[in-house]
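Hi everyone, thanks for making room for me today. I'd like to walk you through one chain, starting with a strand residue and ending with the overall picture.

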Amino acid sequence: MSVRALIVTILLTAALPALAQETAKEPTTWPGYQESDYVVSNYKFASGETLPEVKLHYRAIGTAKRNAAGQVVNAVLLLQGNTGTGANWFRSSLADELFKPGQPLDAAKYYIIMPDALGRGGSSKPSDGLKAGFPHYRYHDMVDLTHLLVTDGLKVGHLRLVIGSSLGCMQQFLWAEWYPDLMDGTIGMSCQPIEISGRNYMLRHAAAELIRHDPAWHDGNYDKTPTLYMYAAAGNDLTESPVRIQEEAPTMQAAKALYDKRLAAVLKNGDANNTLYELESIYDYSPEADLAKIKAHVMLINNVEDFADPPALGTVERGFKKIAHGTYVLTPYGKGTHGHFTHYYASVWKPYLVKFMAGLPPPAR
């Protein structure tokens, strides 16, 4: 395997399940469960490209509380990571810790919205048929379309919270900057409030180049998806805690079995165009200059073992000096932490969520 193939693993392995992943609870068992699509007609992307229809798939639980104008005022928006779908939030390690009676996001109290991000799941994406003809979307488009879903499609007038992990973590900063009066608080997990640069950019660019230089690429108009990047993706996971990896694969035989399991998953579900678009959608993310515009209370929770967002850079501390009501939490290593993927395990960060929510302004009525 080439050096270039090896270094892309931090980004591509995000398409694979975190180690020791909890089984997702069947979402339809939650009160008020609904699943539907919101369609935007004649959407113009930031690039100037257009589509006659863009679809956003979403799930929601709970009961909407409305004001006199009929707008929802008890909504919580949950934004997923780079891969997977909004269904990520129904993992038992999240849902059971957050949505049950008496928990911080009790579904009897809140209307909880979980979209599939553009380019993923049931939302519009290149593999739906357009392949390389799909518009090259960026974070601007992803946030704008989700905002349309929330405010126009679901008639939300106010958000109690926006919570996002990884991709969603970055986008919650943009939500707080672009719509400063829409929410009381935002929480991000596993990201930084700075432009994509340094090692992060280099790894993403290398991953994109690996796809584009695959002999089967054909400028994205392939009949069978290129697979070289998938072999690299299955080879290692630099975003998971190395201790968790060693626990699951303590021998060479166990490590080989883990690799084979992960390779089978990515070969079954991967699509090169989808992955390429996901990687490059981040290139307009640069929130630092506008952090002072944020009015909402903001909390960022990272883990000390997060290879993707290393705490030694000092970038978070620099950015949070600009946020009026900002709290930065760096969780230490523990038996329940998973590096970058610690955001999947609410038992680690739920105490910070509870304290944060107690300090929010009174809810909208």
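**A walk through the chain**

Let's begin at Ser 36, which, once its neighbours within four places in sequence are set aside, is in contact with Leu 56, His 57 and Tyr 58. Before I go further, please keep in mind that this is a predicted model. Ser 36 sits in strand S1, which covers residues 34-44. Take His 57 from that contact list: Ser 36 and His 57 are 21 residues apart in sequence, and their C-alpha atoms are 5.9 Å apart in space. Is Ser 36 buried, exposed or partly exposed? With 29% relative accessibility, Ser 36 counts as partly exposed.

Now for a contrast, look at Gly 168 in helix H5. Gly 168 has a relative accessible area of 1%, so it is buried. Which residues does Gly 168 touch, if we don't count those up to four places away in sequence? They are Leu 79, Gln 80 and Gly 81. I also have a distance for you here: from Gly 168 to Asn 302 it is 13 Å, C-alpha to C-alpha, with their positions 134 residues apart in sequence.

Helix H5 brings me to the nonpolar cores. As background, nonpolar side chains in soluble globular proteins tend to be buried together. In this model the largest nonpolar core has 52 residues, and the members that touch the most others are Leu 118, Leu 159, Phe 173 and Trp 175. Which helix gives the most to this core? That is helix H5, residues 167-178, with seven residues. Another core lies apart from that one; it has 33 residues, including Leu 105, Leu 161, Met 189 and Phe 356.

If you'd like one residue to click on, I suggest Phe 173. Leaving out neighbours within four places in sequence, its contacts include Cys 191, Gln 192 and Pro 193. Further along the chain, Phe 173 is also in contact with Tyr 285, Pro 287, Leu 291, Ile 294, Val 298, Leu 300, Phe 320 and Ile 323.

Next, a pair of acidic residues. Glu 280 lies in helix H10, which runs over residues 272-280. What does its accessibility say? The value is 7%, so Glu 280 counts as buried. Beyond its neighbours within four places, Glu 280 is in contact with Arg 138, Ala 208 and Arg 212.

Asp 284 is in the loop between H10 and strand S7, where S7 is 297-303. At 34% relative accessibility, Asp 284 counts as partly exposed. Its contacts, again without neighbours up to four places away, are Arg 138, Tyr 139 and His 140. So you'll meet Arg 138 in the contacts of Glu 280 and in those of Asp 284. For another distance, the C-alpha atoms of Asp 284 and Ala 117 are separated by 16 Å, with the two residues 167 apart along the chain.

For those of you who like backbone torsions, here is some background: most residues other than glycine have a negative phi. Lys 131 is not a glycine, yet it has a positive phi of about 50°. Lys 131 is found in the loop between strand S4 (111-115) and helix H4 (139-153). Its relative accessibility is 27%, so Lys 131 counts as partly exposed. Asp 219 is not a glycine either, and its phi is positive at about 55°. You'll find Asp 219 in the loop between helix H6 (198-212) and helix H7 (228-235). At 62% relative accessibility, Asp 219 counts as exposed.

Let me zoom out to the whole chain. The secondary structure comes to twelve helices and eight strands. The radius of gyration is 20 Å, close to the 21 Å that the globule rule gives for 365 residues, so the chain is as compact as a globular protein of that length. Along the principal axes, the C-alpha trace spans about 60 × 50 × 45 Å.

How much of the chain is buried? Of its 365 residues, 55% count as buried. Among contacts with a separation of 6 or more, 80% come from residues 24 or more positions apart. The chain exposes about 15,200 Å², and carbon and sulfur atoms supply 54% of that. Finally, on charges, there are 34 positive and 37 negative ones, and their mean positions are 5 Å apart.

Thanks for listening!

Conventions: Residues numbered from 1 in each chain as written. Predicted model: local features only at pLDDT ≥ 70, side-chain atom pairs only at ≥ 80, totals over all residues. Heavy atoms only, no water. Helix = DSSP H or I, 4+ residues; strand = E, 2+ residues; numbered from the N terminus. Rg over C-alpha atoms; globule rule 2.2 N^0.38 Å. Buried < 20%, exposed > 50% of the residue type's maximum accessible area, 1.4 Å probe, protein only. Contact = heavy atoms within 4.5 Å. Areas by Shrake-Rupley, 256 points an atom, 1.4 Å probe, with all protein chains shown as cover. Lys, Arg positive; Asp, Glu negative; His and termini not counted. Charge placed at Lys NZ, Arg CZ, Asp CG, Glu CD. Core = buried A, V, L, I, M, F, W, Y, C linked by side-chain atoms within 4.5 Å.
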